[in-house]
Amino acid sequence: MLQQYWVLGLFWLLSFGKASAAGVPFETPEARRWADSVLATLSPAERIAQMFMVSSWSNRDSVHIREIEKLIEDWGIGGVIFFQGDPMRQALMTNDYQQRSKVPLLIGIDGEWGLSMRLDSTVRFPRQMTLSAMKNDSLIYRMGLEIGRQLNRMGIHTNFAPDADVNNNAQNPVIGSRSFSDDPALVSRRALLYQRALQSSRILGNGKHFPGHGDVDTDSHLALPLLAKSRLALDSMELRPFRDMINDGLASVMVAHMSIPALDSTPALPSTLSKRIVTGLLQEELGFQGLIYTDALNMKGVAACFRPGELELAAFQAGNDIFLCPEDVHKGVETLLQAVNDSVIRQEEVDRRVRKILMAKYWCGLSTRPLVDTTNLLGDLNTPEALSMQFDLFSEAITILKNERELLPLRALDSIRIASVVIGDRKYNAFQENLRKYARVDVFAEDKDAPVSQFEALFTFLKNYDLVVLSLHGTTMKAQNGYGIPEVARKFVDSVMLNYPTVFVDFGNAYTLTRFNRLNKAKAVVLAYEDFPYVHGLAAQVVMGGLRAEGGLPVKVSEKYTRESGLTTVGPIRLTFTTPEKAGMSSRTLSRIDTIVAEAIRAKAMPGCQVLVARKGMVVFRKSYGYHTYDSLLAVRDDDLYDIASITKVAGTGLMAMKVFDQGKIDLNQPLARYLPRLRNSGKKGLTIREIMAHQGGLVSWIPYWKKTVSANGPDSLYYRRTPDERFSVRVSDSLFTFPQLADSILDWSVKSPAGERGKYVYSDLGPIFLRFALERVADKPIDQFLEEQFFSPLQLNNTLYKPWQNFSADRIIPTERDTAFRKKLVLGDVHDPAAAMQGGVSGNAGLFSNAGDLAVIFQMLLNHGSYAGRQYLKPNTVSMFTRRQFTQGNNRRGLLFDKPEIDPSKSSPCAASASPETFGHQGFTGTCVWADPKEELLVIFLSNRVFPDATNDKLVKMNIRTRIQQAAYDAILDQ
């Protein structure tokens, strides 16, 4: 569908460029014939009523609906403009209104940034000033096409957009960010793109607010603004966009309520009611032949001048075709009808204007009286394509105005303490939550009007941090009240920028920057333009390097920050969070994961799970499902921790092995006994590290070590105590403790285990257990400390660790099994694997806890050939060697600790059928898996606690849940 829009759009771009003011799109012979046939059926009063477009709200009660129905049935009004509500109710009301109307109604909406300007549950597109911060103008046209599609889906025929005002007055209280720019050329170019896109979708575009509302300091909703400029100045500034749009085939215009002495010197006469402006300037001088709407007639800028009826008559005499939002339809129709009867106005002129309205209705498709199909309405309005476009529009607008020493995107996050301070919004808002996806950030928040004492206390506390990320929220458009920034908040922001290294992120429009005197002292200044959760997330990605900044100022803010000011940052250097379509994947296909997970939870294959899909460095799907346990008390969250079981072998032991190998401290072709002397006098002394890591060293699959330490009555007191003491200091569970030397016993038992056939592939836990002890010996550092220093801290993996009970509350950790054999309790916060538990929760085969987000960083680093965020953690050749198949002559599919797709077609594979041979990763006994496919640059992570309530629950395996989810990700990859 989008491709069809592009083809159609290209045609209109070419054809509109050649249009003249002589024609409007709806004026065709077919439209005229239909209009004349309808006009002939209307009485004089019904003809006049066609000029009235009344206000309606889909969030009001049945009394309001009945009022509109009566206006349709009793008076035959010509149209309805909808305001706030929800899509389904509006669709049903539209159908009701259309079925009651003798002549199909023209349905309008004031949707400058799409349906979301008026309707909930719809995609919010940027305001026009935000659009102008983008360097890519073609996105405006694409957005217009999408808005046009949505309007058609809702049965709407006219959109009162684009706003063609040149906002060259920063004090303007009502236009501001609704304008594209303070430059008439930019406004003209971008308004034309928006107009063309709407009209190519058979939506009546509308240029407003003629002749230009951008250079006033009064809100016409409240009073009549004065535009005191010369005609020459008006021609070069305000009128230019309208002139260009009219010459380009503009379908309709909305006339503003302003006093403009240079165009009509009548004192306090609104331009809406000025014949010199509406007829003389707009129609005769500029040659406009389309529909002319008044601005809303219930606004004080005009309503204070005339009473209902008299107001519509004056508007008609000025030259307007449609009266928008009249206060009294009865008075208006009767006054105009009497004016015809009294020859104050001519019937022929009424008919000419009504014919124009009817031709527009024909062009919009109303001759067939279509109704809105409510089937899948919300889905059709919130398509993946629309959401992908939303990402493009907002992300490309974010503007960096200062970036001292290229501070952004932030690097070396492990070496700085970061405080995020929110002013004017709640703590843990979307901006802070998204910052915390990337780094350890301490968060604070203050109301804009908090007492001075609170600001002072916070200011003093910030001295404990190396960097302050200060974000401003809740601003307004009105310069008269300081853009909603109280003086105490302003002083605090200035003081922070002056005294601390600060990244200032402004979620207000460009003019809010003028409130601050110390912007030059900030290390970085980011302007995000709009203040809602979606933009919060994008701005956090820019700060942290998930997105690059490319925007430029659409207006002049100061002598330093002029129009088009904006710096480009490098990147992305970290994971980007975006829509599937941006990574060449289908949202619709990925949604199959929802169905697969629901099936698994319904079958009690698991209580809940986390699923993450990333492609080309972009996280395109991340969801948490279900609950910690089947009691449905704690829902699974994205930042909850799962016991990842054998994924520890690659995300822990494997990383350490690769790093130590890079450091030249181990030779994979040497016997492991060279680095672990305990093996030298055993039957395993000749086994090489490569053989052991590839699971063909003849080691037994596993040993139930715990059985050696229990008696018929439970844990043997020789090995365990119920409470810790000086000797029994190693935690096995919160009610079971052992001595440190038990880990040495496990090693001894492993060394003495039977030896199998060397060179035969047998998956074994013993190899990673041996490897952990060997690596710690050559690195002279415990594995958990080594991983934290070399990987987890620099990568800011704040949720990946051994022994999570030391750092996290129980409600953040997913429980595993109700262990009835060994520990005799629910395992929560301690590792599920008994061998790892007996070693205090740290082992080479298991012990790590993590979540999908952290694992995505580890495996993206591996997909990046060992690099992430500008830092090389591992050599590319090392990553390649460890993740490829090691022994190609037999049936061993394994890499070095890493698992691979099955090579024997007669055997089931741990991977999806579409996984390439280059794929690497691992599964975990607790119900986890992570797979990375370099060929498709695809990453799929699944974490669950399928062992709850006990490990005999094998439904997850039997239902192939993990491989089906992975296959859904492959199926979602689009043919590019």
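**Exercises on cysteines, salt bridges and a pocket**

Cys364 has a relative accessibility of 11% and counts as buried; buried means under 20% relative accessible area, exposed over 50% and partly exposed in between, with a 1.4 Å probe and protein chains only. The model is predicted, so local features need pLDDT of at least 70 and side-chain atom pairs count only at pLDDT 80 or more, while totals for chains, interfaces and linings use all residues. Residues are numbered from 1 along each chain as its sequence is written, and side-chain values use heavy atoms, with hydrogens and water left out.

**Exercise 1.** State how many disulfides the structure holds, and explain the case of Cys364.

*Solution.*
- Step 1. Apply the criterion: a disulfide is a pair of cysteine sulfur atoms within 2.5 Å.
- Step 2. The count for the structure is zero disulfides.
- Step 3. Cys364 has no partner because the closest cysteine sulfur, in Cys325, is 18 Å away, too far for a bond.
- Step 4. Cys609 is likewise in no disulfide, the nearest cysteine sulfur being that of Cys929 at 10 Å. Cys609 is buried, at 0% relative accessible area.

**Exercise 2.** Determine how many salt bridges the whole structure contains, and locate the partners of the pair Asp110 and Lys208.

*Solution.*
- Step 1. A salt bridge requires a side-chain nitrogen of Lys or Arg within 4 Å of a carboxyl oxygen of Asp or Glu. In general, side chains of opposite charge can pair when their charged atoms come close.
- Step 2. The search returns 65 salt bridges.
- Step 3. Asp110 and Lys208 form one of them, with their closest N and O atoms 2.6 Å apart. This pair links distant parts of the chain, 98 residues apart: Asp110 is in the loop between strand 3 (106-109) and helix 6 (128-131), and Lys208 is in strand 5 (residues 206-210). Helices (H or I, at least four residues) and strands (E, at least two) are DSSP runs numbered from the N terminus.
- Step 4. Asp110 is buried at 12% relative accessible area, and Lys208 is buried at 0%.

**Exercise 3.** Give the sequence separation of Glu776 and Arg772, and list the members of the salt-bridge network that includes Arg66.

*Solution.*
- Step 1. Glu776 and Arg772 form a salt bridge of 3.1 Å, N to O.
- Step 2. Because the two residues are four apart in helix 27 (residues 766-779), about one helical turn separates them. Both are buried.
- Step 3. The network links Arg66 with Glu69, Glu73, Asp96 and Arg100.

**Exercise 4.** Describe the volume of the second largest pocket and the composition of its lining.

*Solution.*
- Step 1. On a 1 Å grid over the protein atoms alone, a pocket is an open set of points where a 1.4 Å probe fits, with protein on both sides within 12 Å along at least five of seven lines; lining residues have an atom within 4 Å of a point.
- Step 2. The volume, the space filled by probe spheres set on grid points joined across faces, edges and corners, is about 1300 Å³.
- Step 3. The lining has 50 residues, with Ser646, Gly924, Phe925, Thr926 and Arg946 nearest the centre. Elements that give two or more residues include helix 29 (834-838) and helix 33 (961-971). Strand 29 gives the most, three residues.
- Step 4. The lining comprises 23 nonpolar, 13 polar and 14 charged residues. Here Ala, Val, Leu, Ile, Met, Phe, Trp, Tyr, Cys and Pro are nonpolar, Asp, Glu, Lys and Arg charged, and the others, Gly among them, polar.
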